[in-house]
Amino acid sequence: MQLLVLIIGFGIAIAGYVHPEQIHLSWTEEINQMRATWVTYLNAPPHAAYRPILCGNVPSPSNFTYIGGDTKKFQEGPHFWQNQYIHTTVFENLLPECWYEYKVSNLGSWSKTYLFNGRTPDTSQTFRDVNNSFTLIVFGDWGTGPIGQYTKHLLGEETLTRDYLGILHMGDIAYDLDDEDGKVGDDYLNMIQPIAATYPYMTVPGNHEKADNFTQYINRFNMPNNGVNQGTSFFYSFNLGPAHFIMYNTNPYFKNTSQASADLQTQWLANDLAIANSQRSIRPWIIVLAHHPLYCSQDWFEEGSQTDCGEQPAVIKPILEDLWYNNSVDLALQAHLHNYERDAAIYKNQTIPSQYDGQNIHINPNAPIYIVSGNAGNNHGHNDPASTTPQPWARYLSNDYGYGRLTVYNQTHLFWEQFSAVALTEIDYVWIIKDQPRYKPVLS
Ligand SMILES: [Fe+2]
């Protein structure tokens, strides 16, 4: 009897170390693929199973396809015994009209079953889905602390009840991935598992991912490898419907970083934008996303006094603003400041008139529109309150914790909404409408 109890106890202990956790999805560099990433604390071979269950509106019963995966050992803390095993597998040959169910396992310990949508981006330049609308969730600065729970609950509800296609997290993840020898990173990825195991969770690094040369970020996330980024997940782009999205890393532009890595990314940005512009007649929208903002009102009048909104835009604007303007970028989404601010079209610190501007609409804008949505719930509270002296180009500001939804309706209509996860309501929106692929630069 004692032996049986011992064997059962040992089995339970082992199961705890090989049960998949921290499951999250991401799009890959290939069309019609989805990558799953998860963690165990013993090295056990990974497996996964997936099958379509609904295609169009038609149930699609079929057998599971069973696949293996890859495993790497990651030492998440400073001590040699602080190891975890990060597993990945790729679901292939997906059909955009289908929903799939999947589960992952190690040593026969299966996760629960999750769903995902088979519509994926196209990182090549082929044309697909240009007429089908979609919505993405967008935010920055989200952690495990008390104020991060608002977004956890509202986005968790939205994941269960509404239909979106993916999540774009513009840096500052977990606060911080490496804290408590990586435990905070583990807790965060477990916190978001119900959301990120269902919808692809796409990231770029913020300043809070800098520790140990971004080791935690590079190991825990698997973003599309475009060759130039060397598998770091630092910068990449993808096409989705009539829009081209560029996710990039602002960290290399600040002090104590490699000029070579800054130049590498800037050159890649220029090349990527040139290619995107060559496709502009069919894919007219170009949207850029990163952590540090080029524009924000907070503390603007203290520029040069070490404030984040004064000093940091002053560094990156000279490098990036003309790249955005000359390539007719439509929308620049930003984070880092722990508030929400939607601005008008801006170039060289001036409001640039559109063909028509209203409080919540711009028709044929002539410069990039800038938005800060960095308030998903950091661990510091309202330490970056929205400016009480907003710039003339600011259109709406809020301190409410929450996140944005970006809906690309078609080649002419883009819709942005910001939700308060505290008040459980939409607090701001803007339509961006255009009937020409590129805007006409008005300043030089
Ligand atoms: Fe930040």
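Which residues does UniProt list for "domain: Purple acid phosphatase N-terminal"? In an unreviewed entry, UniProt assigns residues 20-116 to that feature. In the structure shown here, which is a predicted model, this span is 61% strand and 0% helix. Its end C-alpha atoms lie 18 Å apart. An unreviewed UniProt entry also lists residues 367-421 as "domain: Purple acid phosphatase C-terminal". That second span is 45% strand and 0% helix, and 30 Å separate its end C-alpha atoms.

The domain assignment offers another view of the chain, which is divided into domain 1 (18-117) and domain 2 (134-433). Taken over C-alpha atoms, the centres of domain 1 and domain 2 are 27 Å apart. The two domains meet through 29 residues of domain 1 and 32 residues of domain 2.

The nonpolar interior can be considered next. The largest nonpolar core has 106 residues, and the members that touch the most other members are Phe91, Tyr102, Phe245, Trp324 and Leu333. At least three residues of this core come from domain 1 (18-117), and at least three from domain 2 (134-433). Tyrosine 102 gives a detailed view of the packing. Leaving aside neighbours within four places in sequence, the contacts of tyrosine 102 include Ile23, Leu25, Ala36, Ala49, Tyr50 and Phe91. Further contacts of tyrosine 102 include Lys112, Thr113, Tyr114, Leu115, Phe116 and Ala197.

Covalent links form the next topic. A search of the whole structure finds 2 disulfides. With bonded cysteines counted along the chain, their pattern is 1-2, 3-4. One disulfide joins cysteine 55 to cysteine 98, with an S to S distance of 2.0 Å. This link is right-handed, with 105° about the S-S bond. Because cysteine 55 lies in strand S3 (residues 46-55) and cysteine 98 in strand S8 (residues 98-106), the pair ties together parts that are 43 residues apart in sequence. Both cysteine 55 and cysteine 98 are buried.

The other disulfide is formed by cysteine 296 and cysteine 309, whose sulfur atoms are 1.9 Å apart. The link of cysteine 296 and cysteine 309 is likewise right-handed, with 140° about the S-S bond. Cysteine 296 sits in the loop between strand S18 (285-289) and helix H7 (308-326), whereas cysteine 309 belongs to helix H7, and the two are 13 residues apart. Are these two cysteines buried or exposed? Cysteine 296 has a relative accessible area of 2% and is therefore buried; at 1%, cysteine 309 is buried as well. The cut-off behind this reasoning is a relative accessible area under 20%.

Three further buried residues show how polar side chains are placed within the structure. Arginine 220 is found in helix H5 (residues 211-220) and is buried, with a relative accessible area of 2%. The side chain of arginine 220 makes a polar contact of 3.3 Å with the side chain of glutamine 22. Beyond residues up to four places away in sequence, arginine 220 touches a set that includes Gln22, His24, Thr37, Phe74, Glu76, Gln84 and Ile86. Among the other residues that arginine 220 touches are Leu177, Gly182, Gly185, Asp186 and Leu189. Arginine 220 and serine 233 are 13 residues apart in sequence, and their C-alpha atoms are 9.8 Å apart in space.

Histidine 336 occupies the loop between strand S19 (331-334) and strand S20 (340-347). Its relative accessibility is 6%, so histidine 336 counts as buried. Which side chains make polar contacts with histidine 336? One is the side chain of asparagine 207, at 3.2 Å, and another is the side chain of histidine 291, at 3.0 Å. Apart from neighbours within four places in sequence, histidine 336 is in contact with Asp141, Asp172, Asn207, His291, His292, Pro293, Asp308, Gln312, Gly374 and Asp384.

Aspartate 428 has its place in strand S28 (residues 425-433). Aspartate 428 is buried, with a relative accessible area of 3%. A polar contact of 2.7 Å links the side chain of aspartate 428 to that of arginine 342. Not counting residues up to four places away in sequence, aspartate 428 touches Tyr340, Arg342, Asn360, Tyr396, Trp416, Glu417 and Gln418.

Terms used:
Residues numbered from 1 in each chain as written. Predicted model: local features only at pLDDT ≥ 70, side-chain atom pairs only at ≥ 80, totals over all residues. Heavy atoms only, no water. Disulfide = S-S within 2.5 Å. Helix = DSSP H or I, 4+ residues; strand = E, 2+ residues; numbered from the N terminus. Buried < 20%, exposed > 50% of the residue type's maximum accessible area, 1.4 Å probe, protein only. Core = buried A, V, L, I, M, F, W, Y, C linked by side-chain atoms within 4.5 Å. Domains from an automatic or database assignment. Contact = heavy atoms within 4.5 Å. UniProt positions renumbered as here; feature names shortened; annotations may be inferred. Polar contact = N/O pair within 3.5 Å; in protein donor to acceptor, adjacent residues only side chain to side chain.
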